[in-house]
Number of protein chains: 2
Amino acid sequence: MDHFQPVDFSAVDITGGFWAEKQKCICDVTIFSVRDQFAQTGRFRAFDFDWTEGSDVPRPHYFWDSDIAKWMESAAYLLQKAPNDELQAQIETLIDRIAQHQDSDGYFNIYHTVVEPENRFRIRDHHELYCLGHLIEAGVAYYNATGRDRLLNLLDRYIDLVIRVFCVEKSAGFTTPGHEEIELALLRLYRVRRDRKYLDLAMFFLNERGKREEGLTDWCNTRYNQSHLPVRQQRTAEGHAVRACYLYSAMADAAMETGDAELLAACRALFDDIVSKKMYITGGIGSSHHGEAFTTAYDLPNDTAYNETCASIALAMFADRMKEIDLDAKYADIVEREWYNGILAGLSLDGKAFFYENPLEIRLADRTRHRSMSSGDRLPITQRLEVFGCSCCPPNVTRFLASMEGSVLSAADDAIVVHQFLPCKAQIGDAALQMETRYPLDGKVCLSLSGAKGKRLMVRIPGWCRQYTCPTPCEVQRGYAVFDVDSDRFSLEMDFSMPLTFYYAHPAVCADAGKCALMRGPVVYCMEGVDNGERLFDLTVDLTCTPQVRDDASFGLPVLELRGTRTRDAADAPLYACDAPERTAVPVTFIPYCGFANRGETDMTVWFRPTAE
Amino acid sequence: MDHFQPVDFSAVDITGGFWAEKQKCICDVTIFSVRDQFAQTGRFRAFDFDWTEGSDVPRPHYFWDSDIAKWMESAAYLLQKAPNDELQAQIETLIDRIAQHQDSDGYFNIYHTVVEPENRFRIRDHHELYCLGHLIEAGVAYYNATGRDRLLNLLDRYIDLVIRVFCVEKSAGFTTPGHEEIELALLRLYRVRRDRKYLDLAMFFLNERGKREEGLTDWCNTRYNQSHLPVRQQRTAEGHAVRACYLYSAMADAAMETGDAELLAACRALFDDIVSKKMYITGGIGSSHHGEAFTTAYDLPNDTAYNETCASIALAMFADRMKEIDLDAKYADIVEREWYNGILAGLSLDGKAFFYENPLEIRLADRTRHRSMSSGDRLPITQRLEVFGCSCCPPNVTRFLASMEGSVLSAADDAIVVHQFLPCKAQIGDAALQMETRYPLDGKVCLSLSGAKGKRLMVRIPGWCRQYTCPTPCEVQRGYAVFDVDSDRFSLEMDFSMPLTFYYAHPAVCADAGKCALMRGPVVYCMEGVDNGERLFDLTVDLTCTPQVRDDASFGLPVLELRGTRTRDAADAPLYACDAPERTAVPVTFIPYCGFANRGETDMTVWFRPTAE
């Protein structure tokens, strides 16, 4: 099989539909909302390097550089879609500040210049290299959008310093960074500039990881930042889920660039470990707030699920890379699962507020449990916020959704691959592709392709799809339907049947035992208290009822009406009784999971009990 | 209705059966095992008052006096059953030490004499009055057993000091103690000595509680120690469950002594709040380890259930008192529930080891969840220990089981009441009662009564019993069958039908939604992994199967064999699938809940899913 490359996001235009609306919201609302919150909290001001102890200037945090870098990257993607003088001027101002305050040796980090200069490159978990990585990604995006390479040139000096300190002098307080990111950023930069030193530095950080214990504290062990084993020996996803998937993404990039079979074997095993044992049905990963981390296989509690929005983004990034190496629909399936569920849940419908954590169940009654004591078990927040103290997710969602077109198509010399379904036009070398679809409102997808005669067209059969129609019998290779493009104006209509489908979790998942979840196509559904009353855990859903599918403008996705039962009013019922409580038939409303918590604070659940037949 | 009084435990002889075996174990093993552990940990040595900073002597804790006091009380009950020179000599030695080290003003507290003398009566949560209360209970028990009143006389001087400091001079750092106990102890002493000052001091502590905020710390609020409202206004059980039920027990005693209708109304409401909204089916109370406390109504998680053994004892004490005021079977039902379940689970089958916490579910897989991080969610221990740092439960179980006969019978001038069923003989004034039964192996109870002609015999119909036979039609008053004793040699045979019964929790109990629990008579059952394999949550139980009831010598109670289903081996099954996993029929073994965790570390659950019909 040929070597596939993603079709760059700049070559794909979303022409309408669900995601066009989301991108309009990102472009009109989110980019400015995040900017304003970052301005109010002092993150922009930090680039003036004028904090001193006792001053009124907010004290910079050691990850603030990365927050602004992700905002710059987001703005660059929007610039590439359409000129915007305001955004471009702000990016240029930030680059001015970077140039102004970069150290003579190339170093650039706000916190470790103004707050803790004595600890430059001494504290493994202080995110200096993570911040550099995000600045590199911003620099690449801005260069791609505008052709301006000033930021990349400034960072090149910093990278030279890093090479000297870490690889030559080995004078830093640690060997590999506590939070991965620089590795994938360097590989991305390498693909733009093809300077071998970037690849070498990335490989250095990958190769050294897990060879020694370093940077341990009382709250983190070596698994926390994937340092428990050399990366090629890792087979199970461990520790902080965002760090893990940023690392795995870099490992996949490196495997692609170098053909390193051991790295690739590790990537395959890690991916399979996540999606077969450690992922919520929403695509959420990192089930525990302790270390924002993966735990053990099948440990997927719903109410305490951590599921950082950034972790869903990171898994989508990892899957997106893997699909270029192993063309297997299981990878693009995960990207799609994250798009419609794990990632999108992180953003409010109005585009202004964010979840850092994305639980699969909310029971508000639990919030008042510990009235007798000041402390309580930790539960995720129930309403999105516009900014967080650790505000990595907002600009991460922004940059991800602003550039999601880059996941839609891949190409090789003799083939074009359609991974995701949305209305778009794309130019792929001499070939022009047009996709028309209402997906995921229904499963009909019309593809027109010109200038591609003699190539193969490969179209993903979504993993959720059990029945589909296509015009001609076709071969299916690893989840992709393969068609020979036999004319210069080739067209194809596929229809993926999209009934409501009830899912059962693996029997080892305690939290979901005896329960079902409901999906329609790629969209996971949930119940909310605002529609269904309190005590959602008391509801059962009749799996055999005839559902109503009702379009809903606010969610942009259908709302589903089913039937079920709940206990009749039992306020005075005894605590324990030997007669089963009497139940009554009720309607049950499901909304898309990604739209939960947009109508006030209310109970929510993804998993529910089926009505006994 | 007459005023009922419990028939003192000394007038009741258990003549065989399940509880005779348990008492033999207490007498032969537990009393000495607890003593030896307390000796090894320095609790006896502490009575030498020779700890100094830097010495090898273990530093006393401020509740150690109470640990030894409960051991003395236990030993006194055993002395009353049969002479034992060794135990009596040890009690006398302890009283010698108390006499030797009691302060000239009457004060006696080891910790606040040798460690923090400057904080005598300054720190509300430092248990000085709690320790005094337990010493009083020990003094009463020893006096009843031996007629020796030396300890009571020593304590009388201490009580005079307390009256002076708290009621006259009001010079203490707090008004009411942080941990209730002194109140019920003073009322108990008042019943023996009838000195009004004891009643007055108890009423002072009851009346002053909740009138002001005091003793608050960053981890405890006023609810924690029932100081959020004056006691007569309290209607919901709040805070630390042991403290709460010791308080409510004293309130019931005080209501009985004084006829205070407001106190009694509070007691009734508090009891009903607990048993209708805040009690596990095992009788466990205090669902949260935060503050060892009650939480909100219907918040009864199974795996994190705290359910301190002492709290079950305290609820049994409260219920035992209430049954004398309001002769209603609902009170003795709770005593019975605690006997066979909540309390007994706290003691190992060999009589040597104890649970402080008694969860209703153990999933060992959860113990390894947080491998990535050093900290994890707190879960109860899974194997009993011989001693704890805070070792209140071991001597509490010991004293409770050593004197449980005191709960079996009550009497008034014209009536004798049978609350609990076990083989025994009792002398009640001129009347002699004999009970023969294999209860709870079966529900047949034979009662013979002589010397009671003209009285009424009242026999509790257990709350769990839906069908019973008795020789003549009888009136039932508030759960008690009432018979006229019409001959001098009256006999009666009742048979409480004891089928396996499945219970459903109130629909507001999230943790038990869609689940059942199994009881046979008063005994709650559970499944263990050692019998049923791992993943008990995957098992379903066929409620319509024909069960096998098999006697088991080690538990002293039957083991039950039912049928159910579980998932076929699904190691490689996908994480989420739209086909329900295939299930296979399996036998399911239930053991008495009180016997869990006696065969090594293994999974356990009380609540299970019924097989769909």
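1. Start with the distance between two domains. In this predicted model, the C-alpha centres of domain 1 and domain 3 of chain A are 39 Å apart.

2. Those two belong to a four-part division of chain A. Domain 1 covers 24–215, and domain 3 covers 413–496. Domain 2 is written in two pieces, 229–361 + 386–407. Domain 4 takes in 500–610.

3. Next, the sheet. In chain A, 6 strands make up an open sheet with mixed pairing. Their order is 1-4-5-9-12-11. Strand 1 (5–6) and strand 11 (475–477) of chain A are the edge strands. Each has a single partner strand, so one side of each lacks a neighbour in the sheet.

4. One pairing within that sheet deserves a closer look. Strand 9 (residues 456–460) of chain A runs antiparallel to strand 12 (residues 480–484) of chain A, and 5 bridges link them. Among the bridge partners, Arg456(A) is matched with Asp484(A) of strand 12 of chain A.

5. Now the two copies. A turn of 180 degrees, with a shift of 0.0 Å along the axis, lays chain A on chain B with an RMSD of 0.0 Å. The two copies are therefore related as by a two-fold rotation axis. Which C-alpha of chain A is nearest the axis? That of Ala612(A), at 2.9 Å from the axis.

6. Finally, the interface. Of the interface residues of chain A, 100% are also interface residues in chain B, so the copies meet through the same surface.

Conventions: Residues are numbered from 1 along each chain as its sequence is written. Chains are lettered from A and ligands numbered from 1 in the order in which they are written. This is a predicted model: local features need pLDDT of at least 70, side-chain atom pairs count only at pLDDT 80 or more; totals for chains, interfaces and linings use all residues. Two strands pair if DSSP finds at least two bridges between them. Helices (H or I, at least four residues) and strands (E, at least two) are DSSP runs, numbered from the N terminus. Domain bounds come from an automatic or database domain assignment. Copies are superposed by least squares on the C-alpha atoms of residues with pLDDT of at least 70 in both. Two residues are in contact if their C-beta atoms, placed from the backbone, lie within 7 Å.
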